[in-house]
Amino acid sequence: MSFFISPAYAEGAAGAPMDSGMFNILFLVGFGLIFYFFMWRPQAKRAKEHKELLGGLSKGDEVITAGGILGKVVNLNDDYIVLEVSEGTELTFQKTHVSAALPKGTIKSI
């Protein structure tokens, strides 16, 4: 089909406000800012809050694990935590699996 139609080429784009190199740089900077504000910054904030939660745990606190188990802290060290989930039943977890601290008195059966 292109035998009968000659290709038309545009002459230099007069009046273009930015060249393609500048547009690409601004595009990458904009993408980086979006990545920082919507992904990295919130994740860092959650990690900091979780670290503060784990650092503030003490005996007698009521917590919930990542698996959904409620318990009262009986013993803890640097890496592990022992929870009393019912009277006489104690379970050992890695400290990082504690997802939230509950208000005192939430667990009434223990």
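Contact means heavy atoms within 4.5 Å. By that rule, residues 24 or more positions apart account for 40% of the protein's contacts with a separation of 6 or more.

**View 1. The whole protein is a predicted model with 1 helix and 5 strands.** From the N terminus on, the order of elements is α-β-β-β-β-β. The helix therefore precedes the strands in the chain, as the order α-β-β-β-β-β shows. The protein has 110 residues, and buried residues make up 15% of them. About 8900 Å² of the protein is exposed. Carbon and sulfur atoms supply 63% of that area.

**View 2. Helix 1 spans residues 20-55, and I34 lies in it.** I34 also belongs to a nonpolar patch on the surface. The other members of the patch are I25, V29, L33, F35, Y36, F37, F38, M39 and W40. Together, the patch residues have about 1100 Å² of accessible area.

**View 3. The 5 strands form an open sheet.** Their order across the sheet is 4-3-2-1-5. The pairing is antiparallel. Strand 4 (89-94) and strand 5 (98-102) are the edge strands, and each pairs on one side only. On average, neighbouring strands of this sheet are turned by 45° against each other, direction ignored.

**View 4. Strand 1 pairs with strand 2 in a hairpin.** Strand 2 covers residues 70-76. The two strands pair in the antiparallel sense, over 3 bridges. One pair to look for is E62 with its bridge partner K72 in strand 2. Between the strands of the hairpin lie 4 residues. In this hairpin, G68 takes a positive phi near 95°.

**View 5. Strand 1 also pairs with strand 5.** This pairing is antiparallel too, with 4 bridges. Here I64 stands opposite A100 in strand 5. Strand 5 is an edge strand of the sheet.

**View 6. T65 sits in strand 1, which runs over residues 62-65.** Is T65 buried or exposed? T65 has 4% relative accessibility, so it counts as buried; the cut-off for buried is under 20%. What does T65 contact, leaving aside its neighbours within four places in sequence? The list is L83, F93, H97, V98 and S99. One of these residues, V98, begins strand 5 (98-102). Another, L83, stands opposite L91 in strand 4.

**View 7. Strand 3 and strand 4 run antiparallel.** Strand 3 holds residues 80-86, and 6 bridges join it to strand 4. Within this pairing, L83 stands opposite L91. Strand 4 is an edge strand and pairs on one side only.

**View 8. T92 is a residue of strand 4.** T92 counts as exposed because its relative accessibility is 54%, and the cut-off for exposed is over 50%. Which residues does T92 touch, not counting those up to four places away in sequence? They are Y80, I81 and V82. T92 and V82 are 10 residues apart in sequence. In space, their C-alpha atoms are 4.4 Å apart. In a regular strand, side chains alternate between the two faces of the sheet.

How values were computed: Residues are numbered from 1 along each chain as its sequence is written. This is a predicted model: local features need pLDDT of at least 70, side-chain atom pairs count only at pLDDT 80 or more; totals for chains, interfaces and linings use all residues. Side-chain values use heavy atoms; hydrogens and water are left out. Two strands pair if DSSP finds at least two bridges between them. Axes are lines fitted to C-alpha atoms, for helices over the stretch in contact, and angles run from 0 to 180 degrees between N-to-C directions. Patches are made of residues with over 30% relative accessible area and no salt bridge: like charges are joined within 9 Å, nonpolar side chains (Val, Leu, Ile, Met, Phe, Trp, Tyr) within 5 Å. Accessible areas come from the Shrake-Rupley method with a 1.4 Å probe; for residues, only the protein chains shown count as cover. A salt bridge is a side-chain nitrogen of Lys or Arg within 4 Å of a carboxyl oxygen of Asp or Glu. Buried means under 20% relative accessible area, exposed over 50%, partly exposed in between (1.4 Å probe, protein chains only).
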